[in-house]
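The following exercises concern the surroundings of bound molecules in a protein. Please study the sequence and the structure before reading each solution.

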Amino acid sequence: MIQRKRPSAGQRAGFVGAEKFLPRVHSLRQLRAAVQSCRGCDLYKGATQAVFGAGGSKPSLMLVGEQPGDQEDKQGRPFVGPAGALLHKALAEAGIAEENTYFTNAVKHFRWVVNPRGKRRLHKSPGAQQIAACHAWLACEVEATAPRVIVLLGAAAGMAFFGRSFRVGTSRGRLLTLGSRRFLATIHPSAVLRSTSSAERAVAFRGLVTDLQAARAAAA
Ligand code: URA
Ligand code: SF4
């Protein structure tokens, strides 16, 4: 099992957690089927489906995002929307072959609110309680795929392993360890998309690529 600080009762208040929905056999196939029945927190209620991880079954890198977005929720696969397109571009620039990667998220259901300005669904970040409730699925994915390095894309992914005090700004770009697992944190690709100028965007993208290259080197 992945070692982490156990979520306190307060941190998971009100949620039963994913553990009781895990299948008996923790293969990716069984896990992917079972996650559709998960009621470990409240996020299943508003989502179309659970989005489990996807990619190579013996990856050198596991990339962990925050949660499925609008497109992922509809299509049932991680990183198929705009943030995913940017991530795939950054991986290519970093020279990372996608057959050696596995993509997943800190939580498996899309959290959203109605957009007051008309567009139907507006992404809302999962809370610490939902991230803690969903952790068992992520821990099983780590166990099943045994990646050499786990890339944490943004704060939610960091919190999923290191607890709620995790900050990308102070942790990014260098190898972190927890038990026998190795991690490298960087920004979430959507942070690049949110850049307000093209100059800022170019710097953010370059920073993401540099961190991915560090992850690639660490996994070599
Ligand atoms: N953002 C994420 O964090 N994960 C996805 O799968 C898509 C967008
Ligand atoms: Fe279960 Fe995770 Fe979905 Fe919550 S977000 S219902 S814990 S799969």
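**Exercise 1.** Determine which polar contacts ligand 1 makes, a polar contact being a pair of N or O atoms within 3.5 Å.

*Solution.* Step 1: an oxygen atom of ligand 1 lies 2.6 Å from an N or O atom in the side chain of histidine 188. Step 2: the protein covers 93% of the 240 Å² of accessible area that ligand 1 has on its own, areas being computed by the Shrake-Rupley method with a 1.4 Å probe. Step 3: the backbone also takes part, as a polar backbone atom of glutamate 66 is 2.8 Å from an oxygen atom of ligand 1. Step 4: a polar backbone atom of glutamine 67 is 3.0 Å from a nitrogen atom of ligand 1.

The model is predicted: local features need pLDDT of at least 70, side-chain atom pairs count only at pLDDT 80 or more, and totals for chains, interfaces and linings use all residues. Residues are numbered from 1 along each chain as its sequence is written, chains are lettered from A and ligands numbered from 1 in the order in which they are written, and side-chain values use heavy atoms, without hydrogens and water.

**Exercise 2.** State how the shell around ligand 1 divides by class.

*Solution.* Step 1: list the residues with a heavy atom within 4 Å; they are Gly65, Glu66, Gln67, Glu72, Pro78, Phe79, Asn105 and His188. Step 2: sort them, with Ala, Val, Leu, Ile, Met, Phe, Trp, Tyr, Cys and Pro as nonpolar, Asp, Glu, Lys and Arg as charged, and the others, Gly among them, as polar. The result is 2 nonpolar, 4 polar and 2 charged residues.

**Exercise 3.** Carry out the classification for ligand 2.

*Solution.* Step 1: the surrounding residues include Cys38, Tyr44, Lys108, His109 and Trp137. Step 2: the shell has 8 nonpolar, 2 polar and 1 charged residues.

Definitions and conventions
A polar contact is a pair of N or O atoms within 3.5 Å; within protein, one must be able to donate a hydrogen and the other to accept it, and residues adjacent in sequence count only if both atoms are side-chain atoms.
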